[in-house]
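Thanks, everyone. I'll take you through one model this morning, starting with its charged pairs. Please have the structure up on your screens.

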Amino acid sequence: MAVQTVSLNKSHGGVQGVYKHASQQTRTDMTFSVYVPEHQSGAKLAVVYYLSGLTCTHANVTEKGEYRRACAELGLVFVAADTSPRGPDVPGDPANAYDFGLGAGFYVDATQEPYARNYRMWSYVTEELPKLVAENFPVDVNRQSILGHSMGGHGALTVALRNPGRYRAASAFAPIVAPSQVPWGNKALGGYLGSNKQAWRKHDAVALIEDGARFPEFLVDYGDADQFLTEQLRPELLKAACEKANIPLALRRQPGYDHSYYFISTFMSDHLHWHARRLKA
């Protein structure tokens, strides 16, 4: 698959790149970023995939995530995907709301029209993008991990739970842990997947755990000043599900922090060090 370089910048001895390619899954051009730390020629490095939240692109974490120093120190490749297909022919929310359509793909393969043609973000982030990265960057496909924020935290948890043999670690910042039980998730899953809520369960971390999915452990941070905490995020539901399933969960309540990248950038290094220990195991 051909990859077009959009930009390259040196940072902490490594290279921060932004790239574009024609996606077979979304039938649009997709843009993503990759940070590759300085490394010996021929080396294969562990890779961390990052999934962003509502309204975001690859650019939010690339510009605000403050991950490059830690990745350079730890020898981690950091890949940031977009949140949805984009383009003038891609359907969005008819009401132009921020929580459905462009920038809000919820990392599912849509089955409902008019979204089914383009909104194939599950297949994109779990199959097409990793294959593209493996073919074009110095990554060790046997040492992968995943993390995300908000809608991307939902994506990271569900991707890990459904692919426990592929990822050595999974963590999240302020994830939507049970989209079937909150307004954001009801709108997105209903719009992309239809009214049969049984079909939603494979895209709901709490439901996946209730249905028998397992992962070795999770790290989740959230801020107690997060404006979406009570209605949309519901971390207590993940805690209850993990306790019942005996899945170790480090659920950390961070006093005074909100939902923004000020929060994410503060704890990004903690998460990357946590991932690195498991990627080396």
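Start at Lys187. It is partly exposed, because its relative accessible area is 33%, and partly exposed covers the range between under 20% and over 50%. Before I go on: this is a predicted model.

What does Lys187 pair with? Its side chain meets that of Asp93 in a salt bridge, at 2.9 Å from N to O. This pair joins distant parts of the chain. Lys187 belongs to helix H5, residues 183–193. Asp93 sits in the loop between strand S5, 76–80, and helix H3. The two are 94 residues apart.

Is Asp93 buried or exposed? Asp93 is buried, because its relative accessibility is 10% and the cut-off is under 20%. So this salt bridge has a partly exposed lysine, Lys187, on one side and a buried aspartate, Asp93, on the other. There is also a third member here. Asp99 joins Asp93 and Lys187 in a network of salt bridges.

Let me widen the view. How many salt bridges does a search of the whole structure find? The number is 13. I'll show two others.

Take Asp224 and Arg253. Their closest N and O atoms are 2.6 Å apart, and they form a salt bridge. Again the pair links distant parts of the chain, 29 residues apart. Asp224 is in the loop between strand S8, 218–223, and helix H7, 229–233. Arg253 is in strand S9, residues 249–254. Asp224 is partly exposed, at 28% relative accessibility. Arg253 is at 51%, and the line for exposed is over 50%, so Arg253 counts as exposed.

Now Arg252, also in strand S9. Its side chain meets Asp270 in a salt bridge, 3.5 Å from N to O. Asp270 lies in helix H9, residues 261–280, and the separation along the chain is 18 residues. Both ends are partly exposed: Asp270 has a relative accessible area of 39%, and Arg252 has 28%.

On to helix H3, residues 121–136. Where is the kink? It lies at Glu128, shortly before the proline Pro130, and the bend is about 30°. Both Glu128 and Pro130 are buried. Other buried residues of H3 include Met121, Trp122, Tyr124, Leu132 and Val133. Val125 and Leu129 are on the buried list too, and they bring us to the next topic.

That topic is empty space inside the model. The count is one cavity of 30 Å³ or more. The largest cavity holds about 50 Å³ of space. Which residues line it? They are Tyr49, Tyr50, Leu51, Val79, Ala81, Val125, Leu129, Ile146 and Tyr167. Strand S4, 45–51, gives the most to this lining, with three residues. S4 and H3 each supply at least two. As for chemistry, the lining has nine nonpolar residues, no polar ones and no charged ones.

Last stop, strand S6, residues 139–149, where we find Asn142. Is Asn142 buried or exposed? It is exposed, because its relative accessibility is 56% and the line is over 50%. Compare its position with Glu113. The two residues are 29 apart along the chain, and their C-alpha atoms are separated by 37 Å.

That's the tour. Over to you.

Definitions and conventions
Residues are numbered from 1 along each chain as its sequence is written. This is a predicted model: local features need pLDDT of at least 70, side-chain atom pairs count only at pLDDT 80 or more; totals for chains, interfaces and linings use all residues. Side-chain values use heavy atoms; hydrogens and water are left out. The bend at a residue is the angle between axes fitted to the seven residues ending there and the seven starting there. Helices (H or I, at least four residues) and strands (E, at least two) are DSSP runs, numbered from the N terminus. Buried means under 20% relative accessible area, exposed over 50%, partly exposed in between (1.4 Å probe, protein chains only). A salt bridge is a side-chain nitrogen of Lys or Arg within 4 Å of a carboxyl oxygen of Asp or Glu. On a 1 Å grid over the protein atoms alone, a cavity is a set of points where a 1.4 Å probe fits but cannot get out, and a pocket is an open set with protein on both sides within 12 Å along at least five of seven lines; lining residues have an atom within 4 Å of a point. Grid points are joined across faces, edges and corners, and a volume is the space filled by probe spheres set on the points. Ala, Val, Leu, Ile, Met, Phe, Trp, Tyr, Cys and Pro count as nonpolar, Asp, Glu, Lys and Arg as charged, and the others, Gly among them, as polar.
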